[in-house]
Amino acid sequence: MKKSAEHIVSLIKAGENKGFRLAIDTYWAQIRAFALDVTGNDYDADEVTDDTFIRAFSSISKFDPQKSAFTTWLMRIAHNTAISHLRKRRTETVPLECVPPDAIVSLSSHDNTEDPRISFLKNAIARLDHEDRSIIHQFYYEEYSIEDIAYVIGKTPGATATRLHRIRQRLKSLIENHYD
């Protein structure tokens with residue numbers, strides 16, 4: 001665990017307001033970006049981010065630095081919170097192949113100079129179900145190891161690696177079919 005994370009955890013465990021502020025200042029953007037990728041909209045991302053910090057603060061006594069890094073533990077809470085939030089909304093997912101590419105709004109800013117292949121890939125990722133988007137986000141954006149992702153999603157590293165491989169294969173197939 002990084003020195004700053006150790007310091008933050010010790011302050012939170014001691015009930016110091018400074019610890020809560022440091023945790024939010026340090027990890028809010030990372031958790032918010034993850035929540036936005038998983039939920040797909042600002043309102044839900046804000047709600048998931050807020051709930052993540054509330055749950056983390058209320059269960060800080062359960063954090064064990066021997067099991068995971070603080071950021072990994074926090075990301076697991078964010079993952080579970082996002083999945084729970086989406087289940088409450090009962091969002092139904094549609095198979096990736098059934099959604100026309102033009103039905104998805106680009107995840108990029110409204111910059112029209114973006115490479116169309118990048119836009120297509122972002123749209124394909126946006127069409128994944130929330131669990132698969134979570135795995136893609138953690139692996140490519142947060143650069144988490146397979147072991148850390150497995151911890152976050154509550155699966156074995158082998159099952160996580162297999163799932164990531166299958167997600168990549170689906171994305172590859174979509175891209176190949178689109179550009180053939």
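These questions and answers go through a predicted model of one chain.

Colleague: What pattern does the chain follow along the sequence?
Modeller: The chain has 8 helices and 0 strands. Read in sequence order, the pattern is therefore α-α-α-α-α-α-α-α.

Colleague: Which helix gives the largest share of the largest nonpolar core?
Modeller: That core holds 39 residues. Helices giving two or more residues to it are H1 (3-13), H2 (17-39), H3 (42-58), H4 (70-89), H5 (116-126), H6 (130-141), H7 and H8 (157-179). The largest share is 8 residues, and it comes from H4.

Colleague: Which residues touch Tyr27, leaving out those up to four places away in sequence?
Modeller: Tyr27 and Phe70 touch the most other members of the largest nonpolar core. Contact here means heavy atoms within 4.5 Å. On that basis, the residues touching Tyr27 are Ala5, Ile8, Phe53, Phe70, Thr71 and Leu74.

Colleague: Within what arc do the buried residues of H7 fall?
Modeller: H7 covers residues 146-153, and its buried residues are Ile146, Ile149, Ala150, Val152 and Ile153. They line one face of the helix, because seen down the axis they fall within an arc of 160 degrees.

Colleague: Which residue follows H7, and what is its phi?
Modeller: The residue after H7 is a glycine, at position 154. Its phi is positive, near 75 degrees.

Colleague: What percentage of the chain's residues is buried?
Modeller: Buried means under 20% relative accessible area. The chain has 180 residues, and the buried ones make up 39%.

Colleague: How much of the exposed area do carbon and sulfur atoms supply?
Modeller: The chain exposes about 10,500 Å². Of that area, carbon and sulfur atoms supply 51%.

Technical notes
Residues are numbered from 1 along each chain as its sequence is written. This is a predicted model: local features need pLDDT of at least 70, side-chain atom pairs count only at pLDDT 80 or more; totals for chains, interfaces and linings use all residues. Side-chain values use heavy atoms; hydrogens and water are left out. Helices (H or I, at least four residues) and strands (E, at least two) are DSSP runs, numbered from the N terminus. Buried means under 20% relative accessible area, exposed over 50%, partly exposed in between (1.4 Å probe, protein chains only). Accessible areas come from the Shrake-Rupley method with a 1.4 Å probe; for residues, only the protein chains shown count as cover. The arc is that of the directions from the helix axis to the C-beta atoms. A nonpolar core is a set of buried Ala, Val, Leu, Ile, Met, Phe, Trp, Tyr and Cys residues joined through side-chain atoms within 4.5 Å.
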